[in-house]
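Subject: Handing over the structure, with notes on what was found

Dear colleague,

I am passing the structure on to you below, and after it you will find an account of what was found. Please read it with the structure open beside you.

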Number of protein chains: 2
Amino acid sequence: MDVVQVGLVGLGTVGTGVAKILIEQAAWLERRAGIPIRLKRIAELDLDRDRGIRLHGIALSRDAKDILEDPDIQITVELIGGIEPARTILLEAMARKKHVVTANKALLASNGPELFEASSDADVEIGFEASVAGGIPIVRCLREGLAGDRILSLTGIINGTSNYILSTMTDQRRSFSESLKQAQSLGYAEADPRLDIEGHDTAHKLVILVALAYGIHLKPQEVFTEGIREITEMDIAYAGELGYRIKLLAIAKNVRGILEARVHPTIIPAHHPLASVGQAFNAIYVNGESVGPVMFYGKGAGMMPTAGAVTSDLIDIGRNLRLGIRRRMPPLGFYGDIIEKAAIKPMEALCTKHYIRFPVVDRPGVLSKISGVLGNHGISIHSVIQHGRQNAGPVHIIMLTHEAREASLQQAMAEINRMEEVLGKSLFIRIEDALDDL
Amino acid sequence: MDVVQVGLVGLGTVGTGVAKILIEQAAWLERRAGIPIRLKRIAELDLDRDRGIRLHGIALSRDAKDILEDPDIQITVELIGGIEPARTILLEAMARKKHVVTANKALLASNGPELFEASSDADVEIGFEASVAGGIPIVRCLREGLAGDRILSLTGIINGTSNYILSTMTDQRRSFSESLKQAQSLGYAEADPRLDIEGHDTAHKLVILVALAYGIHLKPQEVFTEGIREITEMDIAYAGELGYRIKLLAIAKNVRGILEARVHPTIIPAHHPLASVGQAFNAIYVNGESVGPVMFYGKGAGMMPTAGAVTSDLIDIGRNLRLGIRRRMPPLGFYGDIIEKAAIKPMEALCTKHYIRFPVVDRPGVLSKISGVLGNHGISIHSVIQHGRQNAGPVHIIMLTHEAREASLQQAMAEINRMEEVLGKSLFIRIEDALDDL
């Protein structure tokens with residue numbers, strides 16, 4: 001083989017970045033892959049928009065079929081996102097013995113096993129480095145760099161939008177809605193931000209990370225998912241006062257064969273490396289049995305970081321094609337049919353410390369009543385903050401608890417929220433202050 | 001092929017860790033590599049010491065020859081360190097068509113091209129993930145994860161000993177010598193710490209990183225190298241007061257084809273991700289044209305992190321052997337004979353800002369005289385700190401300069417150090433406050 005021919009489906013932001021790299025860095029890519037990588041065809045519905053790149057010599061069409069049916073094309077890159085028609089295009093490409101590269105985290109989270117099986121049946125590669133944490137090469141780090149290690153836990157800031165909002169609330173002392181607006185005006189958040197701020201995008205990526213770390217396929221709905229919408233600037237300020245930061249974390253832990261996989265706002269110590277991951281940056285903190293803690297930090301989204309990740313998959317497949325190798329390893333880097341069995345820990349059985357904020361009426365006896373309910377549920381209080389009333393409305397009692405079972409806490413919270421002295425919904429945030437101790 | 005047989009030369013700290021993983025995690029490694037990886041032989045001079053692992057069924061000997069001459073052994077792991085006999089063992093193993101894995105940074109820095117050529121001649125792989133930054137998979141990150149990107153700059157904290165000392169000086173306000181003693185008592189520093197604190201170990205690793213990032217082989221002596229011995233707790237305190245931290249950095253930059261490669265104590269902003277890399281941790285901050293800034297953080301040394309890195313090389317080679325592939329890619333991940341040409345920037349031509357501390361007699365006119373000399377050499381002052389005298393001895397004038405050429409600064413410093421008002425050697429530390437702007 002003397003050249004690798006690529007077909008690109010989708011010329012949106014990332015697709016344009018990939019085209020730019022393939023066109024402008026052709027000599028560099030050849031030096032890296034050992035074989036020229038040529039962008040032969042692009043399929044895109046909107047072919048009229050000027051994207052600032054010269055697509056000279058590349059066959060353009062509105063139909064992905066033109067790529068699928070071209071026998072010269074060895075790699076199909078899918079960058080249209082969403083479930084359909086992305087899924088059908090990838091399956092069809094693999095059925096036609098084309099290798100595929102995708103950045104489609106939603107599709108991989110929902111249909112990963114189907115896609116990986118199709119790649120096995122067709123004996124082709126499926127590259128998905130760009131699907132998690134954009135420019136951070138976390139797929140290769142877990143599948144290759146840390147392949148010899150047992151991953152005890154993995155904790156990630158893997159949604160740039162949420163991290164941007166929480167960082168803005170922290171650094172600029174803005175409200176959630178102001179910070180969201182700022183994120184939208186800067187292009188860090190979509191007009192409909194739900195996928196990001198409700199944690200679903202993070203959960204999709206966590207499904208992929210769990211598969212890479214443990215060889216276990218979760219369904220997205222098996223990941224407990226809670227977003228950041230209820231976090232107020234007050235909680236950020238109190239957490240700061242206590243030496244903590246609030247981050248939306250994806251957490252996976254494997255504690256003696258019991259798997260935790262959850263996404264929720266989390267309070268971590270201000271000195272933890274994840275605490276200083278600001279703006280729209282991503283970071284993944286991995287705790288390996290041998291390696292100890294390792295952290296990977298970088299841009300989780302954007303045209304060029306994500307396009308760079310797609311390119312690394314193209315080089316990887318190019319290096320294989322040059323030698324005539326197909327499927328050097330399974331997509332997740334695990335051999336054998338038997339997937340390691342892991343029971344998933346039900347959320348109710350989770351034990352963590354908690355930050356709780358109770359908005360209450362300013363009246364004697366309230367604190368005693370609340371702590372009584374907590375005590376009845378076996379929840380022990382570590383510390384309490386209550387500042388004097390600063391304006392009309394409720395005063396806020398802040399408590400940090402010792403480790404308590406989620407089920408007990410939920411029951412206690414429901415009971416407390418029914419108290420007439422409680423003037424709004426109380427908020428609790430789980431604390432992870434020992435990410436390295438497992 | 002149905003099993004990969006490994007011979008291990010050197011059962012020191014890291015060797016023991018590798019043996020431990022190969023013995024205790026055999027099932028996991030087979031699941032990862034797709035083929036059993038069996039430790040068949042160990043060669044070690046000191047076979048009497050109890051290392052707390054059961055070496056049942058492994059052939060032990062005092063002579064590496066027993067490994068080299070065993071035709072069943074496909075991979076030789078060299079973990080004895082130093083130039084000889086490590087070099088001869090690796091060359092001999094490759095000549096006998098054995099793949100090799102090494103953690104030997106000093107050897108790779110001095111003899112990298114010879115070893116890489118031997119691996120090419122013999123058509124075998126040479127794995128060296130463990131040679132830089134221990135448990136951080138930086139070799140794979142540069143050679144595979146970021147393969148599609150142009151590396152603009154790379155900045156590393158890659159010597160745990162020096163970082164431990166500087167962190168202790170910063171966090172516990174101790175002197176250099178107290179911090180060194182503490183590092184030694186905790187096993188972070190050797191009895192003879194020169195290789196670490198004088199920057200040579202860092203320079204060795206930088207040579208390897210430059211090779212991986214740019215495909216350029218430097219000689220260790222081509223890397224400007226300055227250690228941390230002259231840094232005092234006073235400099236740490238002043239830097240802190242100004243919002244900076246002092247770190248021993250390995251810096252490589254490729255600015256329009258001109259390569260900088262240098263190791264020296266460096267002042268960086270306290271908010272930079274590298275500034276919070278504490279203790280004996282390592283981190284490598286890479287600035288890629290597409291990906292932007294990426295940082296990799298973890299333990300740079302120690303038994304198990306380094307052993308984990310060696311294991312990842314064994315899995316990688318195992319995955320290839322399973323398929324009957326030899327040399328999937330060249331050791332640095334660059335194809336072609338032509339190494340990209342880069343002129344090395346002479347140190348004198350370097351332009352940076354500087355922190356300078358002048359120990360002077362407490363007398364009127366000194367500041368004016370010093371700033372006069374700086375002015376004569378075209379060095380412009382950004383700010384000055386001079387605190388009142390606190391005890392006997394000199395007062396210290398601290399200056400931050402604007403960007404100045406190294407040559408001019410050196411000349412000015414020599415002139416100032418000859419002034420009778422200057423009571424000791426003035427110290428300057430280069431500032432890098434724009435690691436992302438290139």
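Before turning to particular residues, one definition is needed: two strands are said to pair if DSSP finds at least two bridges between them. Please also keep in mind throughout that this is a predicted model.

With that definition in hand, the hairpin of chain A is a convenient place to begin. Strand 9 (residues 244-255) of chain A and strand 10 (residues 258-269) of chain A run antiparallel and are joined by twelve bridges, and within this pairing Tyr244(A) has Pro269(A) in strand 10 of chain A as its bridge partner. Two residues lie between the strands of this hairpin, where Arg256(A) takes a positive phi near 50°. Strand 9 of chain A also runs antiparallel to strand 7 (residues 151-157) of chain A, to which four bridges join it, and here Gly156(A) is the residue whose bridge partner in strand 9 of chain A is Ala250(A). Strand 9 of chain A is mostly covered, since eleven of its twelve residues are buried.

Chain A also holds an open sheet of six strands, which are arranged in the order 3-2-1-4-5-6 with parallel pairing. Its edges are strand 3 (59-61) and strand 6 (126-127) of chain A, each of which pairs on one side only. At the second of these edges, strand 6 of chain A pairs in the parallel sense with strand 5 (residues 99-102) of chain A over two bridges, and Val100(A) stands opposite Ile126(A) there.

How are the two chains related to one another? A turn of 180° and a shift of 0.0 Å along the axis lay chain B on chain A with an RMSD of 0.0 Å, which is the relation of a two-fold axis. The C-alpha of Phe296(B) is the one in chain B nearest to that axis, at 2.4 Å from it. Both copies use the same surface, in that 100% of the contact residues of chain B recur in chain A.

The contact itself takes 48 residues from chain A and 48 residues from chain B. On the side of chain B that touches chain A, the elements giving two or more residues are helix 2 (26-33), helix 6 (138-145), strand 12 (292-299) and helix 12 (303-323) of chain B, and the largest share, ten residues, comes from helix 12 of chain B. By kind, the residues of that side divide into 24 nonpolar, 14 polar and ten charged. Strand pairing also crosses between the chains, for strand 12 (residues 292-299) of chain A and strand 12 of chain B pair in the antiparallel sense over five bridges, with Val294(B) as the bridge partner of Gly298(A).

As for the interior, the largest nonpolar core has 283 residues, and those with the most contacts inside it are Val210(A), Ile284(A), Val210(B) and Ile284(B). Leaving aside residues up to four places away in sequence, Val210(B) touches Ile216(B), Leu218(B), Ala252(B) and Ala261(B).

Helix 7 (residues 160-171) of chain B deserves a look of its own. Its twelve residues reach 16 Å from the first C-alpha to the last, close to the 16 Å expected at 1.5 Å a residue. Eleven of the twelve residues of helix 7 of chain B are buried, so this helix is largely enclosed by the rest of the structure; among the buried ones are Gly160(B), Tyr164(B) and Met169(B). The elements against which the buried residues of this helix pack include strand 7 (151-157), helix 8 (176-185) and helix 11 (233-241) of chain B. Following helix 7 of chain B comes Arg173(B), whose phi is positive, near 50°.

Finally, two less covered positions may help you to find your way. Lys345(A) lies in the loop between strand 13 (343-344) and strand 14 (351-360) of chain A, and with 18 C-beta neighbours inside 10 Å it counts as partly exposed. Apart from residues up to four places away in sequence, Lys345(A) touches Ile258(A), Leu259(A), Glu260(A) and Leu350(A). Ser110(B), found in helix 5 (residues 105-122) of chain B, is likewise partly exposed, with 18 other C-beta atoms within 10 Å; with the sequence neighbours up to four places away again left out, Ser110(B) touches Ile83(B) and Pro220(B).

With best wishes

Note on methods. Residues numbered from 1 in each chain as written. Chains lettered and ligands numbered in written order. Predicted model: local features only at pLDDT ≥ 70, side-chain atom pairs only at ≥ 80, totals over all residues. Contact = placed C-beta atoms within 7 Å. Nonpolar A, V, L, I, M, F, W, Y, C, P; charged D, E, K, R; others polar. Core = buried A, V, L, I, M, F, W, Y, C linked by C-beta atoms within 7 Å. Buried ≥ 20, exposed ≤ 12 C-beta atoms within 10 Å, placed from the backbone. Least-squares fit on C-alpha atoms with pLDDT ≥ 70 in both. Expected span 1.5 Å × (residues − 1).
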